[in-house]
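Good morning, colleagues. Please turn to the structure on the screen, and I shall take you through one part of its fold.

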Amino acid sequence: MNALGSARGGTARGGAPRVGAPRVGAPRVGVRHPGVGATLGRVALTLAIAFGGLAAGAGYWQVIRSDDLASSPDDAAVIAAGRDVARGEITDRDGVRLAWSLLDPNGEPYRKYVSSSISGVIGYASRAFGSAGLERAYEAELTGVTAADPVQDLVKKFRAAATDPQSIRTTLVAQLQEAAVRALGNDRGAVVMLDPRTGEVIVLASTPVFDASAVANPDTSLAAFAVLQSDPDKPLLPRATQGRYVPGSVFKIVTAIAGLGSGAITAATTFPQQPAAEKNGLLVSGYRVRDGHHPATGSTALDLVGATEVSCNIYYALVGLETGGDALASWAGQLGFGEPIPFDLQTAASQVTDGGGSFGGGFSDAVELANASYGQAETVVTPLQMALVAGTIANRGVLMRPHLVQAFMGRSGIVSVDPQVWRQVLAPDLADDIAAAMRQAVEGRLGRQFTTGARVAGMAVAGKSGTAELGGTGEPNSWFIGFAPAEDPRIAIAVVVEQGGRGAERAAPIGGKLLALWKTWAGL
């Protein structure tokens, strides 16, 4: 009993030390100090974990990512092959040669290109300056260091020839590529045309163009490249994929996708304050959103089709505010905004806002959101991105992954590139609502005023023009996006002309001309 009481009370009766309590100054019984063996064990375990991590990392790069390393344009074997091996040909989809190899007096290969119109997409391959465009993206395949078919890479050590340079058949149409460059003329700008059903890009034009053959030829490369680097118009910038532009009203299609997709509006939604705001502007947190482009609509409260036909800023500002910043940014993200587009070539990311704001979706306040909803504020896009927006509506809400290559061809055979669905962005019926609005914007009585020149004889066109204000005294960027035939879309297009004026002045007529040429090429 005393022992139990000692354990509970701390001391035994009479003040004697409790049983088992250590004496002051005495060694603590039962406390073990780590020995050398235990320390070595911990060290061994730490080293084993470290070496295991190194082994896992090495395995990841040498097994899982080995193909990416071997085909990288910066790989030593790829660089060496680029200097010594005659690259495979590059052709358009119909077999027209776009790039091929010649030999200099020393028997060393260099590249020749069919025309300057393809410079922004095919790029160049130069001994002095490396490579760009498709030449860089598929350098390993073109030089035969790696094959498009992974099985052939496994057996290449058993082949008599060390390399098997692959030829590339692209998705491009050479005559339409040439036509796009001619249509842009001396303006800076870009054209993207793609098949919305497959993601095949048939035109990827940027202007100004440059003489890629002069860059590739060892006799002229130094002088030619120096001129290009000093050109203030930046011809080396592939504007179709890396040019970032204020979109203006073509962005309203993104806002329509977000509004309908989130359920914030329907195609029949009207806003009672819209007609009155046409006169004095829509007041948003002290800022007035102006419009005034469609006096013909009078006191009519516009729905989605009517507002799209006359490109009503006030309607779309209200749609954006009703949708909210979070939803607008999220639905734009489904279309590819906010990240580089997965594509054969390097792409710049489009954005709805610079971000960092607390209003929702990164917007700073309601004013920024309202302005972004009709394509102003901090919104910037690439032409490729806007072609994909048009293509998504044309394909009834399905966004296909864009690509530039149909097939790789070498001694070992042909490897075809199949279409890939990137995302199901929008329900088909909602996409159809937007398609109907875009068709009215081109074919409608009032819409024709804003898309002059976009109509094509014998083929209905759906589209949207844009006049992107840049601030200051400069002319706005001229935009047009669309697709055709409107009832059974097979081609989508985006056109931007830097400081080209209103959308109906430059971009829409270019779009209509190129769609008409496509119609002839397609045999419709």
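I shall describe a sheet, a helix that lies across it, and a second helix that packs against that one.

Please bear in mind that this is a predicted model.

I begin with the sheet. Five strands form an open sheet, and their order is S8-S7-S17-S16-S15, with antiparallel pairing. At the edges are strand S8, residues 201-207, and strand S15, residues 462-468, each of which pairs on one side only. On average, and with direction ignored, neighbouring strands of this sheet are turned by 5 degrees against each other.

Within the sheet, I draw your attention to one pair. Strand S16, residues 477-484, and strand S17, residues 491-497, are joined in the antiparallel sense over seven bridges. Here serine 478 stands opposite valine 497 of S17.

Next, the helix on the sheet. H21 lies across S7, S8, S16 and S17, and runs at about 145 degrees to S17.

How, then, are H9 and H21 arranged? Helix H9, residues 174-184, packs with helix H21, residues 507-522, at an angle of about 160 degrees, and their axes are 10 Å apart. The two helices are therefore roughly antiparallel to each other. H9 passes H21 in a right-handed crossing.

Which residues make this contact? From H9 they are Gln175, Leu176, Ala179, Ala180, Ala183 and Leu184, and from H21 they are Ile510, Leu514, Leu517, Trp518 and Trp521. In terms of character, the residues of the contact of H9 with H21 comprise ten nonpolar, one polar and no charged.

Thank you for your attention.

Key: Residues are numbered from 1 along each chain as its sequence is written. This is a predicted model: local features need pLDDT of at least 70, side-chain atom pairs count only at pLDDT 80 or more; totals for chains, interfaces and linings use all residues. Side-chain values use heavy atoms; hydrogens and water are left out. Axes are lines fitted to C-alpha atoms, for helices over the stretch in contact, and angles run from 0 to 180 degrees between N-to-C directions. Helices (H or I, at least four residues) and strands (E, at least two) are DSSP runs, numbered from the N terminus. Angles under 35 degrees count as roughly parallel, over 145 as roughly antiparallel, 65 to 115 as roughly perpendicular and the rest as oblique. A crossing is left-handed if the near helix is turned anticlockwise from the far one by less than a right angle, and right-handed if clockwise. Contact means heavy atoms within 4.5 Å. Ala, Val, Leu, Ile, Met, Phe, Trp, Tyr, Cys and Pro count as nonpolar, Asp, Glu, Lys and Arg as charged, and the others, Gly among them, as polar. Two strands pair if DSSP finds at least two bridges between them.
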